[in-house]
Amino acid sequence: MVLLAASPPAAPAQSSGVLHVAPLSKQVVKRQEINTVSLRAVLKDGYHVNSHTPSEDYLIPLRLTWEKGLIQPVEIIFPKPRLEKYAFSEKPLSVFTGDFDITTRFRLTAKAIPGPQIVIGQLRYQACNHNSCLPPKTIEVRLPLDIR
């Protein structure tokens, strides 16, 4: 198994203003293995995002998707959400706050030819503070690979 981790800020973070995703450095991955990449998300103080399993149907869940073609996700692992009570909701909400990691375990597809490649992902979320929610946003995530 190869573990891919966020690099130190060599390139600008991918950001929407409230949520930032640390850039990923080029990683060597192998065809026959399950590879792993962890995205580091950083939320601005005072904000939260709904978890991938929101406690209300009307809430927009946190979602990470990858373009089809080079990789086939095996599993996307979110951290354990926190239940927090806010003035605008009668029930506690399932949320993420602060810094957190989202991990994707994936295999390379038959279309993945050896050499440098870029896989594009989409991180969709809705950020809220204690009083209101911002419109949903999507951040593009770039995963540079060196396929062996």
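**A predicted all-strand model**

In β14, Thr 138 is the bridge partner of Arg 124, and this pair serves as a point of entry to the rest of the model. The model is predicted, so that local features need pLDDT of at least 70 and side-chain atom pairs count only at pLDDT 80 or more, whereas totals for chains, interfaces and linings use all residues. Residues are numbered from 1 along each chain as its sequence is written, and side-chain values use heavy atoms, with hydrogens and water left out.

β12 and β14 pair in the antiparallel sense over 11 bridges, where two strands are taken to pair if DSSP finds at least two bridges between them. Strands of a sheet pair through backbone hydrogen bonds, in either a parallel or an antiparallel manner. Both β12 and β14 belong to an open sheet of 4 strands, ordered β4-β14-β12-β7, with mixed pairing. Because β4 (27–29) and β7 stand at the edges, each with a single partner strand, one side of each is left without a neighbour in the sheet. From one strand to the next the twist averages 40°, with axes fitted as lines to C-alpha atoms and angles running from 0 to 180 degrees between N-to-C directions.

In the protein as a whole there are 14 strands and 0 helices; these elements are DSSP runs numbered from the N terminus, with at least two residues (E) for a strand and at least four (H or I) for a helix. Among contacts (heavy atoms within 4.5 Å) between residues at least 6 apart in sequence, 73% join residues at least 24 apart.

Turning to the interior, 43% of the 148 residues count as buried, that is, under 20% relative accessible area with a 1.4 Å probe and protein chains only. The largest nonpolar core, a set of buried Ala, Val, Leu, Ile, Met, Phe, Trp, Tyr and Cys residues joined through side-chain atoms within 4.5 Å, has 31 residues, and those with the most contacts inside it are Leu 19, Trp 66, Phe 100 and Leu 145. The elements that give two or more residues to this core include β3 (19–21), β7 (63–66), β11 (99–108) and β12 (115–125), while β14 provides the largest share, 5 residues.

The structure also holds 1 aromatic pair, a term for rings of Phe, Tyr and Trp (its six-membered ring) whose centres lie within 6.5 Å, with planes under 30 degrees apart counted as stacked, over 60 as edge-to-face and the rest as tilted. The rings of Phe 96 and Phe 100 have centres 5.0 Å apart and planes at 25°, so this pair is stacked, and both residues are buried.

Conventions:
Buried < 20%, exposed > 50% of the residue type's maximum accessible area, 1.4 Å probe, protein only.
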